Amino acid sequence: MKKIILAMIIAIVLIAICNAKYFLKKIYKTEYRQYVEMYAEQNNVDPLLVYAIIKAESNFDKDALSNKGACGLMQLMDETAKEVAQNSVIEYETGKTLYNPEQNIAIGIAYFKDLQNHFKNDGLALAAYNAGIGNVSKWIKQGTIKADGRDLENIPYKETNMYVRKILKDYNIYKRLYLQ
């Protein structure tokens, strides 16, 4: 009788674990996979990190528009996107390009890769993606944060501080869900 009860408990736990993963994958989506994976590979960026950025920025809403004017899945500002598109030889049309999922992802990943190359640290690149390269460079120069990103908790903008923490947390969840 004890063996039957133990077997039932194990079965219930396994079912719960499987269902939890199923439901977590509904929250931690991988929509637009063909674009994310293609452009992430081209730019040598982890696609799981890109999914975490998209989740934080727009929750996969291709029509998202922030109150500051950031557009699309990766919430890009028009001027930044134009500059990245020119450097990447991507056709760009104000008011249209950023609402095209493929183009938004292509530009967003290229921009994030530029930030990674500049700061050599994912956390600092994420901070710059949110607060701007000028702010992060200033914080490093002032000694507010270290150039190696060891003290990201010292990011002075609360919104940016929470943004970086959220994306890094979500990135770890994406890795646990999709790398097993």
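Trainee: Which residues form a nonpolar patch on the surface?

Mentor: Keep in mind that this is a predicted model. Met-1, Ile-4 and Ile-5 form the patch. Together they have about 350 Å² of accessible area.

Trainee: Where is Ile-5 placed, and is Ile-5 buried, exposed or partly exposed?

Mentor: Ile-5 sits in helix H1, residues 2-27. Buried means under 20% relative accessible area, and exposed means over 50%. Ile-5 has 44% relative accessibility, so Ile-5 counts as partly exposed.

Trainee: Now helix H5. What span should its 19 residues have?

Mentor: Use 1.5 Å a residue. For H5, residues 101-119, that gives an expected 27 Å. The end C-alpha atoms are 27 Å apart, which agrees.

Trainee: What lies at the two ends of H5?

Mentor: Asn-100 caps the N-terminal end. One of its side-chain oxygens lies 3.0 Å from the backbone nitrogen of Glu-102. After H5 comes Lys-120, with a positive phi near 60°.

Trainee: How many residues of H5 are buried?

Mentor: The count is 14 of the 19, so H5 is largely enclosed by the rest of the structure.

Trainee: Which residues touch the most other members of the largest nonpolar core?

Mentor: Ile-53, Met-74 and Tyr-129 do, in a core of 49 residues. Elements giving two or more residues to this core include helix H2 (33-43), helix H3 (47-58) and helix H8 (158-178). H5 gives the largest share, nine residues.

Technical notes: Residues numbered from 1 in each chain as written. Predicted model: local features only at pLDDT ≥ 70, side-chain atom pairs only at ≥ 80, totals over all residues. Heavy atoms only, no water. Helix = DSSP H or I, 4+ residues; strand = E, 2+ residues; numbered from the N terminus. Expected span 1.5 Å × (residues − 1). Buried < 20%, exposed > 50% of the residue type's maximum accessible area, 1.4 Å probe, protein only. Polar contact = N/O pair within 3.5 Å; in protein donor to acceptor, adjacent residues only side chain to side chain. Patch = residues over 30% accessible without salt bridge, like charges linked within 9 Å, V, L, I, M, F, W, Y side chains within 5 Å. Areas by Shrake-Rupley, 256 points an atom, 1.4 Å probe, with all protein chains shown as cover. Salt bridge = Lys/Arg side-chain N within 4 Å of Asp/Glu carboxyl O. Core = buried A, V, L, I, M, F, W, Y, C linked by side-chain atoms within 4.5 Å.
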